[in-house]
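Me: I would like a close look at one part of this model, and then at what else can be said about the fold. Keep it brisk, please.

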Amino acid sequence: MKITYYGHSCFSIVAGGKHILFDPFITGNELAKNIKLEDIKADYIFVSHGHFDHMQDVVAIAGRTGAMVVGSWELYSYFSKQGVQQVQPLNPGGKASFDFGTVKGVAAQHSSSFQDGSYAGVASGFVFKTGDGSFYYSGDTALTLDMTLIPKWTALDLAVLPIGDRLTMGVEDAIEAAQFVKTSKVVGVHYDTWGLIQIDKPAAIQEFKKNGLTLYLPGIGESIDI
Ligand code: NI
Ligand code: MN
């Protein structure tokens, strides 16, 4: 699967010939200033929760591409009111089928609110089962035993996990999470965007390696094949 990193927790994966984008936050991210919103391809946009650093550019990208936006019931209501044409709800515990495969909403241990402080539903993660492989994007979350349920549904080829600590899991807990979900390949996100979540990248890669895992940290704008 081809994965492109757009900074913070924004990335896209191509599966079943579709560009699936996650948590777009480009225009507010100083580190992603070389990424042009207009260049980002999206057939689908999955949104993990309502915090601004996960959805700031959803409406703009969906408006230009016509992408289908998928998130919790509250995000579904919000984006419908924002005029997004194609929106579908998917709450933790639920499954939905798309042309590229099946997606399950899963629990995340995190808060979720809109910029004005109003309720944005619960935070969630997503597990994808596609013809090109299976993967898990946890969204912002703490390490949680709920993750051990994921490999009961599908064997994963990779997981995309936050590693920046303070606001989400850090490296130590992300290693444990990879073991819970039974994958050896992890793409790290949600780090370095602000001083609070700065990490030592070589040390993080080394720490994963010591545990028999591979941590991928593609540069912003870089695509890798896993
Ligand atoms: Ni968050
Ligand atoms: Mn966040």
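How many bridges join strand S11 to S12?

Reply: A caution to begin with: this is a predicted model. The number of bridges that join strand S11 (residues 158–162) to S12 is 4, and the two strands run parallel. One pairing can be named. Leu 161 has Gly 188 as its bridge partner in S12. Strand S12 itself spans residues 185–189. It is mostly covered, with 4 of its 5 residues buried.

Now the metals. The manganese ion (ligand 2) takes its donors from Asp 53 (OD), His 54 (NE2), Asp 140 (OD) and His 190 (NE2). The distances run from 2.2 to 2.3 Å. In sequence these donor residues follow the spacing D-H-x85-D-x49-H. Asp 53 is buried, and His 54 is buried as well.

The nickel ion (ligand 1) has its own set of donors: His 49 (NE2), His 51 (ND1), His 110 (NE2) and Asp 140 (OD). Here too the range is 2.2 to 2.3 Å. The spacing of the nickel donors reads H-x1-H-x58-H-x29-D. Angles among the 4 donor atoms go from 90 to 176°. A tetrahedral site needs all angles between 85 and 135 degrees, so the 176° angle rules that label out. The nickel site is classed as irregular. Water is not among the atoms, so a site may look incomplete.

Asp 140 appears in both donor lists, and it bridges the two ions. Manganese and nickel lie 3.1 Å apart. The nickel site also brings distant parts of the chain together. His 49 sits in the loop between S4 and helix H1 (52–55). Asp 140 sits in the loop between strand S10 (133–137) and helix H4 (150–153). In sequence, His 49 and Asp 140 are 91 residues apart. Both of these residues are buried.

Next, the aromatic side chains. A pair of rings is described by the distance of the centres and the angle of the planes. With ring centres within 6.5 Å as the cut-off, the count is 22 aromatic pairs. Take Phe 46 and Phe 126. Their centres are 5.2 Å apart, with 75° between the planes, and the pair is edge-to-face. Phe 46 lies in strand S4 (residues 44–46), Phe 126 in strand S9 (residues 124–130). That makes them 80 residues apart, a link between distant parts of the chain. Phe 46 and Phe 126 are both buried.

Phe 98 and Phe 100 meet in another way. Their centres are 5.4 Å apart and their planes at 5°, so this pair is stacked. The relative accessible area of Phe 98 is 12%, which makes it buried. Phe 100 is buried too, at 4%.

These four rings belong to one aromatic cluster, together with Phe 11, Phe 22, Tyr 44, Phe 128, Phe 135 and Tyr 137. A ring can also face a charge. The charged end of Lys 129 sits over the ring of Trp 153, 4.5 Å from the ring centre.

Last, the salt bridges. Side chains of opposite charge can pair when their charged atoms come close. With nitrogen and carboxyl oxygen within 4 Å as the cut-off, there are 3 salt bridges. Lys 18 and Asp 99 form one of them, at 3.5 Å from N to O. Lys 18 is in strand S3 (residues 18–22), while Asp 99 is in the loop between strand S7 (95–98) and strand S8 (101–107), so the bridge ties together parts that are 81 residues apart in sequence. Lys 18 is partly exposed at 26%. Asp 99 is exposed at 52%.

Lys 33 pairs with Glu 30, the closest N and O atoms being 3.8 Å apart. Both ends face outward by the accessibility count: Lys 33 is exposed at 61%, and Glu 30 is exposed at 57%.

Lys 210 pairs with Glu 207 at 3.1 Å between the closest N and O atoms. Both lie in helix H6 (residues 201–210), and they are 3 residues apart, so about one helical turn separates them. Lys 210 is exposed at 60%. Glu 207 is partly exposed at 30%.

How values were computed
Residues numbered from 1 in each chain as written. Chains lettered and ligands numbered in written order. Predicted model: local features only at pLDDT ≥ 70, side-chain atom pairs only at ≥ 80, totals over all residues. Heavy atoms only, no water. Phe/Tyr/Trp six-rings, centres within 6.5 Å; stacked < 30°, edge-to-face > 60°. Buried < 20%, exposed > 50% of the residue type's maximum accessible area, 1.4 Å probe, protein only. Lys NZ or Arg CZ within 6 Å of the ring centre and 35° of its normal. Donors = N, O, S within 2.8 Å, 3.2 Å for Na, K, Ca; no water. Tetrahedral: all angles 85-135°; square planar, octahedral: opposite > 155°, others 65-115°. Salt bridge = Lys/Arg side-chain N within 4 Å of Asp/Glu carboxyl O. Pairing = 2+ DSSP bridges.
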